[in-house]
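Q: I am new to this structure and would like a close look at one short helix in it. Please explain how that part sits in its surroundings, and then lead me outward from there.

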Amino acid sequence: MERPNTIEAERLVREFKKGPRAVDGIDLRVEPGEIYGFLGPNGAGKSTTVLMLTTLLPPTAGTARVAGYDVVREGPDVRATIGAALQEAALDGLLTGREHLRLQATLQGLPRAERPARADELLERVGLMEAADRKVRGYSGGMKRRLDLALALVHRPRVLFLDEPTTGLDPQSRAALWTEVGRLAREEGVTVFLTTQYLEEADVLADRVGIIDHGRIVAEGTPAELKAQVGRPTVEAMPADERIADVLARFGEPVPSAKGVAVRLAGDADLTAIVRALDAKGLLVDNLQLHQPTLDDVFLAKTGRSLEGAGDEEEAASRGLAMQPAA
Amino acid sequence: MRLASVARGVAWRSLHNVFTNPSLLIPQLAFPLFFFTAFAGGLSGVSRVPGFDFAEGYTAFQFVFVLCQSAAFGGVFTGFGIARDFETGFVRRLLLAAPNRTGIVLGYAVAALTRWLVTATFLTAIAFAVGMKVGGSGVDLPALYLLAALVNVAAGLWACGVAMRLRTMQAFPVMQFPVFLALFFAPVYVPLHLLQGWIHGVAYVNPLTRVLEAGRSFIAGAPSEAGVAFGVAAALAVLFAFWALRGLRSAEAAG
């Protein structure tokens, strides 16, 4: 009987010599056919987690099972079941795209007769058919990423790991990759474990999101659930006018605003009611915006820092260059 | 599980790259030819040393050494390729894609052997073209090639073990130097019985001496100490197979 294509981890730990705990006891469960977004800044432990789940790095402690196979004791079974596109698309510049697919198919034991058709199918799917017989050293970064994804799919994996798959991609390639990942999960039932530092990517693509910081999962849930945890939307109006602020204050708690006045909406207040109230007072506003909470707000609420730039601080700290106050 | 398909994939990629890139293929053929020309041609006067009694002549005498040297260095250069694959991250792709990782070591070894067979064929053709004499109608020649093939496998697995442990191209001297010493502390230019002093003592205990002496006896058509030579070469291949597989485990643990 085929095992379910789940991903499970219990108290998973990875320590490096003379280094911090890159992964510090995380628990995970990803359901079959789910897209799980693993969100965090650089150095948070995302890639280390992927390396352990894909059997490239043994855990220091804890257990993990992928598609029902233990990543330590049943590594060959795990590798036969998964596909992975890691952060650096390590390709051989002397091989063509098609030759890479041939190599990957051979390594995975795909029947010889099936290989050419499978290669063509994947090259077509990732838009590399025209470049298929060119050496990879002439590919752009985006083309390498797309080839990497095709390689991960050669043997029709039931679980797919994508480690920051859209880093460095142009918006068009990024959108195409999102479409393909969504299709894989919904039409083929592939379980996708996707790491990213892009809030939008996790928001748009993931069914559920885990937020990792300093090796620990600090929040987990659907994007909507996570955003609901940090509170209500805010409404911001410009210009900064005391009378406008008074009207807005009837609808929620005032919050700081750099350009105008803002409130965090309370109860069932909505934008329509605010517009009517402003109109009733005869107040003119230049701009009125409704801000829904973002995953960055979630990260801020859980860690006290904004996701954007958090990785830079950690990288600087790890190099012994933690920011010093100006003299 | 999938040992053969993994080995086939790794070997195919390595061979494809060598045979489609002249910059990789030409040195593999040119270096043994250079040594053969230098040793067999430039040093041919050594055969007139009193006591030098190799009937087939100095060309055949040196051919055996250069054949074994090309086998050994061919194996070592495969280790260099593995180290380069670590530096470019390609080994990580192999480790990730290969359900059976032992096949990676096997694939590199098969590639090293196949590359050397091409070199050996080329070298043999040149040697016969310049008039190399073979004793005993050449019926013992396959044994010489089999012995050299074992040297290639042993050297390749040694270098593979080093590459898997150190995972950098800077490890090349570590791979090469012991092989270089073993080769040149064997009776390279004259038979063992003509060596004197400490060099004779070192050569006597050097396992490659048995291989060279037996190899020369094969080309002369009068095999001697064949069992010992094959035993030594096979033992080295088995020993370094364990070394390489332990190296693979080390690479796996390092991620």
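A: A residue is called buried here when its relative accessible area is under 20%, exposed when that value is over 50%, and partly exposed in between. The model is predicted, and with that in mind we can begin at helix H1 of chain A, which runs over residues 46–53 and is mostly covered, since 7 of its 8 residues are buried. The buried residues of H1(A) are A:Lys46, A:Thr48, A:Thr49, A:Val50, A:Leu51, A:Met52 and A:Leu53. Just after this helix, A:Thr55 takes a positive phi of about 70 degrees.

What does the helix lie against? One partner is A:Phe193, which, when residues up to four places away in sequence are not counted, touches A:Thr49, A:Val50 and A:Leu53, among others. The contacts of A:Phe193 also include A:Ile7, A:Leu28, A:Val30, A:Tyr36, A:Phe38 and A:Phe161. In soluble globular proteins, nonpolar side chains tend to be buried together. In this model the largest nonpolar core has 112 residues, and A:Val66, A:Phe161 and A:Phe193 are the ones with the most contacts inside it. The element that gives the most to this core is helix H3 of chain B (residues 58–88), with 16 residues. Another core, of 35 residues, lies apart from it and has A:Val136, A:Leu149, A:Val154 and A:Leu160 among its members.

Stepping back to chain A as a whole, we find 12 helices and 14 strands, and a C-alpha trace that spans about 75 × 50 × 45 Å along its principal axes. Of the 327 residues in chain A, 51% are buried. Among the contacts in chain A with a separation of 6 or more, 67% are between residues 24 or more positions apart. The chain is divided into domain 1 (7–227) and domain 2 (232–291), and the C-alpha centres of these two domains of chain A lie 43 Å apart.

Charged pairs add another kind of link, and over all chains the structure holds 26 salt bridges. In one of these, A:Arg208 is paired with A:Glu34, with 2.6 Å between the closest N and O atoms. Because A:Arg208 belongs to strand S9 (residues 208–213) and A:Glu34 to the loop between strand S2 (21–30) and strand S3 (35–39) of chain A, this pair ties together parts that are 174 residues apart in sequence. Both partners count as buried, A:Arg208 at 19% relative accessibility and A:Glu34 at 9%. In another salt bridge, the side chains of A:Asp203 and A:Lys227 meet at 3.0 Å, N to O. That pair links helix H7 (residues 199–205) of chain A, where A:Asp203 lies, with helix H8 (residues 223–230), where A:Lys227 lies, the two residues being 24 apart. Here the surroundings of the partners are not alike in class, for A:Asp203 is partly exposed at 29%, whereas A:Lys227 is buried at 19%.

Finally, we come to the boundary with chain B, where 29 residues of chain B are in contact with 33 residues of chain A. The area buried between these chains is about 2600 Å², and carbon and sulfur atoms give 58% of it. On the side of chain B, the residues B:Trp12, B:Arg93 and B:Leu96 supply 27% of the area that this chain buries against chain A, more than any other three residues. There are 2 salt bridges between the chains. One joins the side chains of A:Asp148 and B:Arg93, at 2.5 Å from N to O. The other pairs A:Asp92 with B:Arg13, whose closest N and O atoms are 2.7 Å apart. A:Asp92 lies in the loop between strand S6 (82–85) and H3 of chain A and B:Arg13 in helix H1 of chain B, so this pair joins two chains. A:Asp92 is buried at 6%, and B:Arg13 counts as buried at 8%. B:Arg93 is also met by A:Gln104, a residue of helix H3 (residues 97–107) of chain A, whose contacts beyond four places in sequence are A:Leu151, A:Val154, B:Arg93 and B:Ala97. At 7% relative accessibility, A:Gln104 counts as buried.

Technical notes: Residues are numbered from 1 along each chain as its sequence is written. Chains are lettered from A and ligands numbered from 1 in the order in which they are written. This is a predicted model: local features need pLDDT of at least 70, side-chain atom pairs count only at pLDDT 80 or more; totals for chains, interfaces and linings use all residues. Side-chain values use heavy atoms; hydrogens and water are left out. Helices (H or I, at least four residues) and strands (E, at least two) are DSSP runs, numbered from the N terminus. Buried means under 20% relative accessible area, exposed over 50%, partly exposed in between (1.4 Å probe, protein chains only). Contact means heavy atoms within 4.5 Å. A nonpolar core is a set of buried Ala, Val, Leu, Ile, Met, Phe, Trp, Tyr and Cys residues joined through side-chain atoms within 4.5 Å. Domain bounds come from an automatic or database domain assignment. Buried area is the accessible area (1.4 Å probe) that two parts lose on being put together, summed over both. A salt bridge is a side-chain nitrogen of Lys or Arg within 4 Å of a carboxyl oxygen of Asp or Glu.
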